[in-house]
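Welcome to a short tour of one protein chain. Please have a look at the sequence and the fold below before reading on.

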Amino acid sequence: MNPAEGLKPSYDRSVESKIGFVSVAELQYVTATMETKIFSWLGREFVEISGEAQAGASVESATAELFGRFEAALKTNDLSLENTVRIRVFGRDRQARTDATLARSKILSGSRRAASSSFISQEWFDSSGSGGLELLALRPLSPTAQRKPVDFEPARNYLCYLEYDALLFFSGFTSEAATLEQQVKDVLGTLDNTFARANTDWAKVKKLSLLLQRGSDIDAVKQALAAANRLSVPEIEFTFVDGFAGEKYLVEIEATALCP
């Protein structure tokens, strides 16, 4: 495959669905926008909600309030936070990212735990808020589908991956290697081991999402993916951010796969 084939650059928080339908609704509150999208993918219906926490309160409490708004939006679609499969946290700066992540860990606990990642990004925000969320929820094919959250060993404050309705949602993985290319290589190796633990493999991976340090060379990342023979993944997307949980990180990679 040509290195450019199958790659879908994404420079904002938009979502693209290649099949099925997409429904979009916006809710305006104070100076921020909350957007809900409903789309079909992998033979299932998903609901994605993105929104910015209101300014004027602590980031942690404002993010908790935002989760409440998300839950209300999910209820209008006969879902709840229990259906969350992936959550991304955004902070305008490093402290805001930390505070918003703290709210996430308190609210998405127990059976609500989901694949997680968190980032610093000024350009993600349209309002004056400092915390924001992107939440992906799944309507399972069977109402009796069980969630199976799997921790890292030893456990961290976020999941290694979530198994739900015969799908696998992996949290963002990172590396502290010296170069971007080496970090990509390292993370792909970590995913090799994690997929084996989940009893899946690269043939069942349906999407890779690469969150990159703003200004990174996408062509260099494509070459690293090609060198690892990972361009066969059906969907690969890129998003730029300003920072990560670790100051040495240059890329964070999320994966979605089918169960064996």
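Let us begin with the cysteines: the count of disulfides comes to 0. The model is a predicted one, and this count rests on a cut-off of 2.5 Å between cysteine sulfur atoms. Two cysteines are worth a look here. C160 is buried, with a relative accessible area of 2%. C259 also counts as buried, at 15% relative accessibility, because the limit for that word is under 20%.

Now for the helices. Helix α2 runs over residues 94–107. With its 14 residues, α2 reaches 20 Å from its first C-alpha to its last, close to the 20 Å expected at 1.5 Å a residue. Which residues of α2 are buried? They are A96, R97, A100, T101, A103, R104 and I107. Seen down the axis of α2, these buried residues fall within an arc of 155°, so they line one face of the helix. Q95 and K106 are exposed, and they sit on the face of α2 turned away from its buried side.

Helix α3 covers residues 180–197, and its 18 residues should span 26 Å at 1.5 Å a residue; the end C-alpha atoms are 26 Å apart, which agrees. Its buried residues are L180, Q183, V184, V187, L188, L191, T194 and F195. They cover an arc of only 135° around the axis, which puts them on the same side of α3. The face turned away from that buried side carries K185, N193 and A196, which are exposed.

Helix α2 comes up again at the second largest pocket, which has a volume of about 190 Å³. Its lining is made of 13 residues, and those nearest the centre are R97, S118, Y158, A245 and E252. The elements that give two or more residues to this lining are α2 and β6, the latter spanning residues 115–120. By character, the lining of the second largest pocket divides into 3 nonpolar, 7 polar and 3 charged residues. R97 thus has two entries in this account: it is among the buried residues of α2, and it is among the residues nearest the centre of the pocket.

Next comes the backbone. Most residues other than glycine have a negative phi, and most peptide bonds are trans. Against that background, two aspartates have a positive phi, as set out here.

| Residue | Phi | Place | Relative accessible area |
|---|---|---|---|
| D78 | near 60° | loop between α1 (59–75) and β5 (84–91) | 67%, exposed |
| D165 | near 55° | loop between β9 and β10 (167–173) | 10%, buried |

Where does the cis peptide bond that leads to P154 begin? It runs from E153 to P154, with omega near 0°. P154 itself lies in the loop between β8 (147–150) and β9 (161–164).

Our last stop is strand β14, residues 251–258, where I253 is found. Is I253 buried or exposed? I253 is buried, with a relative accessible area of 1%. I253 and S209 lie 44 residues apart in sequence, and their C-alpha atoms are 5.6 Å apart in space.

Key:
Residues numbered from 1 in each chain as written. Predicted model: local features only at pLDDT ≥ 70, side-chain atom pairs only at ≥ 80, totals over all residues. Heavy atoms only, no water. 1 Å grid on protein atoms, 1.4 Å probe; cavity = no way out; pocket = protein on both sides within 12 Å on 5 of 7 lines; lining within 4 Å. Points joined across faces, edges and corners; volume = space filled by probe spheres on them. Helix = DSSP H or I, 4+ residues; strand = E, 2+ residues; numbered from the N terminus. Nonpolar A, V, L, I, M, F, W, Y, C, P; charged D, E, K, R; others polar. Buried < 20%, exposed > 50% of the residue type's maximum accessible area, 1.4 Å probe, protein only. Expected span 1.5 Å × (residues − 1). Arc of directions from axis to C-beta.
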